[in-house]
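Please go through this model with a trainee and a mentor, asking at each step what justifies the term that is used.

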Amino acid sequence: FDKSLLTDFRKINSNLQGHPDMNKVPGVDMSSGSLGQGLSVANGMALNSKMDESGYRVYCILGDGELEEGQVWEAFMFASQYGLDNLVAIIDRNNLQIDGNVNDVMSLGDLSAKASAFGWDVVSVDGHNIDKLKEVLLEAKEKREGKPKCIIANTIKGKGVSFMENQAGWHGKAPDDEELEIALNELA
């Protein structure tokens, strides 16, 4: 692992400054900031693909804390209403957000049932199982006529690092040099 990749983490003007910057991070097609806007933008991209028959698929990654924003559920309704079966939403379901436990801040209830009720094809997966993630992403490539796909990736925030696991305080914080060394040793 190249530790130099982390030296710019959370530093202004780096490609790891915090929120993804489409001008600095390859493969990111939209700069984000305010939570809840990404799925709406993804809807527009997916709708464009259908309207101009270009055939590309759109993937949007959301955090479960982000699902507490009303705009996300409007976007869920829109995607279903317009049959955006070329759209895949991947939800990082780690049950934590910047203010603490998602259930304490604003419970999402049965997320799978909720997304299904909004007209999405839903699958839950262990978000730490790369082989299983690959499998469900390959399945998501198959057309599911009229239904967008929602992959709920159940994860543990900070998995593998003893002092970070399930700790909301690490939401937007970079480790110092000593913490980084400990974390890298634990992950090795």
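The dialogue below takes up a sheet, some of its residues, two loop positions and a pair of helices.

Mentor: This is a predicted model, in which local features need pLDDT of at least 70 and side-chain atom pairs count only at pLDDT 80 or more, while totals for chains, interfaces and linings use all residues. Residues are numbered from 1 along each chain as its sequence is written, and side-chain values use heavy atoms, with hydrogens and water left out.

Trainee: What makes strand 1 and strand 5 the edges of the open sheet?

Mentor: The sheet has 4 strands in the order 1-2-6-5, with parallel pairing. Strands here are DSSP runs of E with at least two residues, helices are runs of H or I with at least four, and both are numbered from the N terminus; two strands pair if DSSP finds at least two bridges between them. Strand 1 and strand 5 each have a single partner strand, so one side of each lacks a neighbour in the sheet. Ignoring direction, neighbouring strands are turned by 20° against each other on average.

Trainee: How do you know that strand 2 and strand 6 pair?

Mentor: Strand 2 (residues 87-93) and strand 6 are joined in the parallel sense over 6 bridges, against a requirement of at least two, so the pairing criterion is met. Among the matched positions, Ala89 stands opposite Cys150 in strand 6, and Asp92 has Ala153 as its bridge partner there. On the other side of strand 6, strand 5 (residues 121-126) runs parallel to strand 6 with 6 bridges, one of the partnerships being Asp121 with Lys149. Strand 1 is likewise joined to strand 2 by 6 bridges in parallel, and Gly63 stands opposite Asp92.

Trainee: Why is strand 6 called largely enclosed?

Mentor: Buried means under 20% relative accessible area, exposed means over 50%, and partly exposed lies in between, using a 1.4 Å probe and protein chains only. In strand 6 (residues 149-154), 5 of the 6 residues are buried, so the strand is largely enclosed by the rest of the structure. Strand 2 is mostly covered as well, with 6 of its 7 residues buried.

Trainee: Why does Arg93 count as buried?

Mentor: Arg93, which lies in strand 2, has 10% relative accessibility and therefore counts as buried. Leaving aside residues up to four places away in sequence, Arg93 touches residues including Asp64, Leu108, Ile152 and Asn154, where contact means heavy atoms within 4.5 Å.

Trainee: Why is Glu53 called exposed, and what does Asn95 count as?

Mentor: Glu53 has a relative accessible area of 72% and is therefore exposed, whereas Asn95, at 30%, counts as partly exposed. Glu53 sits in the loop between helix 1 and strand 1 (58-63), and its phi is near 55°, a positive value in a residue other than glycine. Asn95, in the loop between strand 2 and strand 3 (96-97), has a positive phi near 65°.

Trainee: Why is helix 1 called roughly parallel to helix 2?

Mentor: Helix 1 (residues 38-51) and helix 2 (residues 70-81) pack at about 20°, with their axes 8 Å apart. That angle makes the two helices roughly parallel, since the term covers angles under 35 degrees, with over 145 roughly antiparallel, 65 to 115 roughly perpendicular and the rest oblique. The axes are lines fitted to C-alpha atoms over the stretch in contact, and angles run from 0 to 180 degrees between N-to-C directions.
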